[in-house]
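Trainee: Please go through this model with me slowly, one question at a time, and explain each term when it comes up.

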Amino acid sequence: MGLRIVLLGVPGAGKGTQGKRLSQAYGLAHVASGDILRKHIARGSEIGLAISEFMEDGHLVPDDLACAVVEERLAQSDCAQGYVLDGFPRSVPQARQWDQWLAQRGEHVDAAVNLDVPDDIVVARIVDRRTCPVCGAIYNLRFSPPPAPPNCGKAGCNGILERRDDDDETIIRERLRVYHETTKPIIDYYGQQGLLIRIPSDGLGPDAVYRKIEDKLNALESA
Ligand code: AMP
């Protein structure tokens, strides 16, 4: 049975980048709640209509809704071999509700990895963040530029890079405020259960951060 890993950290801490790498290296599904919610908005689904305003303002969507869309995704067959969750849970009530869902299935979280990066650094990172709508690659125009802008260029991908609507500085500051108020208490929630892995990531590139996570997870697997 594969690992169930939660990635924690402020918006822009690198959860998406590390989530993709972990999923490839450990054969885990990469489940990003923000991506699922953005797809609902793009499709104009009933859920999409209900959540677009929250997301545009940098606020969290209601807990019940977030749990429902993520749990629906986690019940799919590719998650049976384990997964890495990126962006969920985002509040202690979500973490509690999801723990009950897991317990009903005889499952549990194996590790919560907190990518610790100061706010000012993530603001600088996010304003220059660009993502590929086709293959999902994530770039930073300053720190990890795409090979062929405005195209993605990853393995011949022709997607035109996009900036997320909520990657605007005023909205980012609001997302950070929401994080400190509502999401940060989850660090203690997992700490109290002995599941927390702290990764101080300030000043480190994605490769160095990944190696630190890998060391800790490998130690966990061989314990
Ligand atoms: P992300 O892509 O993880 O930065 O999420 C983008 C936005 O999606 C957030 O600012 C929230 O509006 C919404 N969102 C993503 N995950 C959650 C969650 N677990 N709970 C509530 N809102 C979420």
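**Contacts, helices, rings and sulfurs**

Trainee: Which residues does P11 touch, not counting residues up to four places away in sequence?
Mentor: Residues are numbered from 1 along each chain as its sequence is written, and this is a predicted model. Local features need pLDDT of at least 70, side-chain atom pairs count only at pLDDT 80 or more, and totals for chains, interfaces and linings use all residues, while side-chain values use heavy atoms and leave out hydrogens and water. With contact meaning heavy atoms within 4.5 Å, and with residues up to four places away in sequence not counted, the residues that P11 touches are V122, I126, R175, L176 and Y179.

Trainee: Is P11 buried or exposed?
Mentor: P11 lies in the loop between strand 1 (4–8) and helix 1 (15–26), where helices (H or I, at least four residues) and strands (E, at least two) are DSSP runs numbered from the N terminus. Buried means under 20% relative accessible area, exposed over 50% and partly exposed in between, with a 1.4 Å probe and protein chains only. At 8% relative accessibility, P11 therefore counts as buried.

Trainee: How many Å apart in space are P11 and I126, C-alpha to C-alpha?
Mentor: I126 is among the residues that P11 touches, and D167, in the loop between strand 6 (138–140) and helix 7 (169–183), touches I126 as well. P11 and I126 are 115 residues apart in sequence, but in space, C-alpha to C-alpha, their separation is 8.0 Å.

Trainee: What is the angle at which helix 4 and helix 5 pack?
Mentor: Two packed helices are described by the angle between their axes and the distance between the axes. Here axes are lines fitted to C-alpha atoms over the stretch in contact, and angles run from 0 to 180 degrees between N-to-C directions. Helix 4 (residues 63–74) and helix 5 (residues 92–104) have axes 10 Å apart, and the angle is about 35 degrees.

Trainee: Which residues of helix 5 are met by helix 4?
Mentor: From helix 4 the residues taking part are D63, D64, A66, C67, E71 and L74. On the side of helix 5 they meet P93, Q94, Q97, W98 and W101.

Trainee: What kind of aromatic pair do F88 and W98 form?
Mentor: Rings of Phe, Tyr and Trp (its six-membered ring) pair if their centres lie within 6.5 Å, and planes under 30 degrees apart count as stacked, over 60 as edge-to-face and the rest as tilted. For F88 and W98 the centres are 5.7 Å apart with 75 degrees between the planes, and the pair is edge-to-face.

Trainee: Which parts does this pair tie together?
Mentor: Both F88 and W98 are buried, and F88 is also joined to P89 by a cis peptide bond with omega of about -5 degrees. Because of where the two rings lie, the pair ties together parts that are 10 residues apart in sequence, namely the loop between strand 3 (83–86) and helix 5, and helix 5.

Trainee: How many disulfides does the count come to?
Mentor: A disulfide is a covalent bond between the sulfur atoms of two cysteines, and here it is counted as a pair of cysteine sulfur atoms within 2.5 Å. The sulfur of C152 is 3.7 Å from the closest cysteine sulfur, in C135, which is too far for a bond. The sulfur of C157 is likewise 3.7 Å from its closest cysteine sulfur, in C132, again too far for a bond. By this rule the count of disulfides comes to 0.
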